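Hi,

Here is the structure I said I would pass along. Have a look at it first, and my notes follow underneath.

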Amino acid sequence: MAHDHPLKTFRETQAPPLTQDGLADLLGVSRTTVARWETGTRKLGKDWLPKVVEKTGIAPAALRPDLAELMRAAE
């Protein structure tokens, strides 16, 4: 069983639930970008990771475990 992407889980647990368009508006990206992040066809870039973490409260390690390690090493 595939696990949902943390962004999709975030969207669906909001009250009311957010659409991909709603999340895109919150983050300042296109709906297509959100869809690609959620499906894994595009990885969340290191420049976007801090903003997405700030806006959603999702832990960096959940979004990009590889980048979360780099962020901790840089601190």
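Which residues of the largest nonpolar core touch the most other members? They are Leu7, Trp37, Val52 and Leu63, out of 14 residues in that core. Keep in mind that this is a predicted model.

As for who contributes, α1 (6-13), α2, α3 (31-39) and α4 each give two or more residues to this core. The top contributor is α2, with three residues.

**Overall layout**

The protein chain has six helices and zero strands, so to speak α-α-α-α-α-α when read from the N terminus. Of its 75 residues, 31% are buried. If you take contacts between residues at least 6 apart in sequence, 31% of them join residues at least 24 apart.

**Packing around α2**

I went through three helix pairs, and α2 takes part in each, with α1, α3 and α4.

Start with α1 and α2: their axes are 10 Å apart and the packing angle is about 105°. That angle makes α1 roughly perpendicular to α2. On the α1 side the contact uses Leu7, Phe10 and Arg11, and on the α2 side Gln20, Leu23 and Leu26. Sorted by class, the residues of this contact are four nonpolar, one polar and one charged.

Next, α2 and α3, whose axes come within 8 Å and cross at roughly 105°. Here too the angle makes α2 roughly perpendicular to α3. From α2 the contact takes Gln20, Asp21, Leu23, Ala24 and Leu27, and from α3 it takes Arg31, Val34, Ala35, Trp37 and Glu38. That contact splits into six nonpolar, one polar and three charged residues.

Then there is α2 (residues 20-27) against α4 (residues 49-56), with an angle of about 110° and axes 10 Å apart. These two are therefore roughly perpendicular to each other, and α2 passes α4 in a right-handed crossing. Leu23, Leu26 and Leu27 of α2 meet Lys51, Val52, Lys55 and Thr56 of α4. By class, this contact has four nonpolar, one polar and two charged residues.

Leu23 is worth selecting in your viewer, since you will find it in the α2 contacts with α1, with α3 and with α4.

**A few residues to click on**

- Leu7: leaving aside residues up to four places away in sequence, Leu7 touches Leu23, Trp37, Glu38, Val52, Thr56, Ile58 and Leu63. Among these, Trp37, Val52 and Leu63 share with Leu7 the place at the top of the core list.
- Arg11: this residue is found in helix α1. Is Arg11 buried or exposed? Its relative accessibility is 8%, so Arg11 counts as buried, the cut-off being under 20%. With residues up to four places away left out again, Arg11 touches Pro17, Leu18, Thr19, Gln20, Leu23 and Glu38.
- Pro50: you will find Pro50 in helix α4. Its relative accessible area is 42%, which means that Pro50 is partly exposed. Pro50 and Pro60 lie 10 residues apart in sequence, and their C-alpha atoms are 7.8 Å apart in space.

That is what I have for now.

Cheers

Technical notes:
Residues are numbered from 1 along each chain as its sequence is written. This is a predicted model: local features need pLDDT of at least 70, side-chain atom pairs count only at pLDDT 80 or more; totals for chains, interfaces and linings use all residues. Side-chain values use heavy atoms; hydrogens and water are left out. Axes are lines fitted to C-alpha atoms, for helices over the stretch in contact, and angles run from 0 to 180 degrees between N-to-C directions. Helices (H or I, at least four residues) and strands (E, at least two) are DSSP runs, numbered from the N terminus. Angles under 35 degrees count as roughly parallel, over 145 as roughly antiparallel, 65 to 115 as roughly perpendicular and the rest as oblique. A crossing is left-handed if the near helix is turned anticlockwise from the far one by less than a right angle, and right-handed if clockwise. Contact means heavy atoms within 4.5 Å. Ala, Val, Leu, Ile, Met, Phe, Trp, Tyr, Cys and Pro count as nonpolar, Asp, Glu, Lys and Arg as charged, and the others, Gly among them, as polar. A nonpolar core is a set of buried Ala, Val, Leu, Ile, Met, Phe, Trp, Tyr and Cys residues joined through side-chain atoms within 4.5 Å. Buried means under 20% relative accessible area, exposed over 50%, partly exposed in between (1.4 Å probe, protein chains only).
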